[in-house]
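Please look at the chain shown below. The paragraphs that follow go through its surface, its overall form and its interior.

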Amino acid sequence: LEHLLGVNYVPYGNVYFDSWYRDYQTIQGLFLQKATHDFDYLSLLAGAPIVRVAAMAQQGRVFRDRSLEPAGGDDTRAYFDHIGRPETGMNEDASSALLEFANGIHGVYTQVFYSKHEAQARGATLSGLRGTLRFDWYQNELRVHSHAEPSTVTARPPEGLNHFGGDGVLAANFIDVVRGRAPSDSPLSAGLRSVYACLAARESAATGRFVSVRQLTELAPGPDAPVEETETASARA
């Protein structure tokens, strides 16, 4: 694996502007609220944490506060109450990040919150010398393309599972952890790594520069090992 492309074209983006999610002071933007899950699985697939981020974000171009609505309205915008302004803080219409992983792999991630219906997409493309793998949760499909010969293998998981099967797997693993039968598949350290990467992305989008991601160094092996916070040489998120 050498390159990752992650996409999230969200078909229910209004929820981040027409419900409690619109409160930027609570949510702190959609890198933290939404991209955190995608940074999680991209890091898992890469086999290494994210160490550096360059990001961009658009705010107030599509979703706008109703106080900004012009006379006569503007049907190229969606207006909501009390969602804030770019200069004071608000959720993004869309945001993207260039990601560098600790093992030298790099990736790209983008999320768009004004997609609808059949434009929805969430998944990734993984590329290496010998092949390309693509999956999309909405399409419920995974494809592996060989580069050595014109062949494609397609797999389809079971339909109708909550969060495409993730909820059941996490719940079963949690029970095994409680009963002492398995380590956690989603330890606190993974959540912290994801949050630090999201904070770096938000800072990069605000400053227009690459930002190094704060890292965790595990002092001992195993799921219950203590975790020590360390910082990279350049700016921390």
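How much accessible surface does the chain have, and what share of that surface belongs to carbon and sulfur atoms? The accessible surface is about 13,400 Å², with 54% belonging to carbon and sulfur atoms (Shrake-Rupley method, 1.4 Å probe).

The model is predicted: local features need pLDDT of at least 70, side-chain atom pairs count only at pLDDT 80 or more, and totals for chains, interfaces and linings use all residues. Residues are numbered from 1 along each chain as its sequence is written, and side-chain values use heavy atoms, leaving out hydrogens and water.

The chain holds four helices and 13 strands (DSSP runs, H or I of at least four residues for helices and E of at least two for strands, numbered from the N terminus). Its radius of gyration, taken over C-alpha atoms, is 20 Å, close to the 18 Å from the globule rule for 237 residues, so the chain is as compact as a globular protein of that length. That rule is 2.2 Å times the number of residues to the power 0.38. The C-alpha trace spans about 60 × 45 × 40 Å along its principal axes.

Of the 237 residues, 35% are buried (under 20% relative accessible area, 1.4 Å probe, protein chains only). The largest nonpolar core (buried Ala, Val, Leu, Ile, Met, Phe, Trp, Tyr and Cys residues joined through side-chain atoms within 4.5 Å) has 27 residues; Phe 39 is one of those that touch the most other members. Helix α2 (30-46) is among the elements that each supply at least two residues of this core, and α2 gives the largest share, six residues. A second, separate core of ten residues includes Val 10, Ile 27, Phe 63 and Phe 80.

Conventions. Buried means under 20% relative accessible area, exposed over 50%, partly exposed in between (1.4 Å probe, protein chains only).
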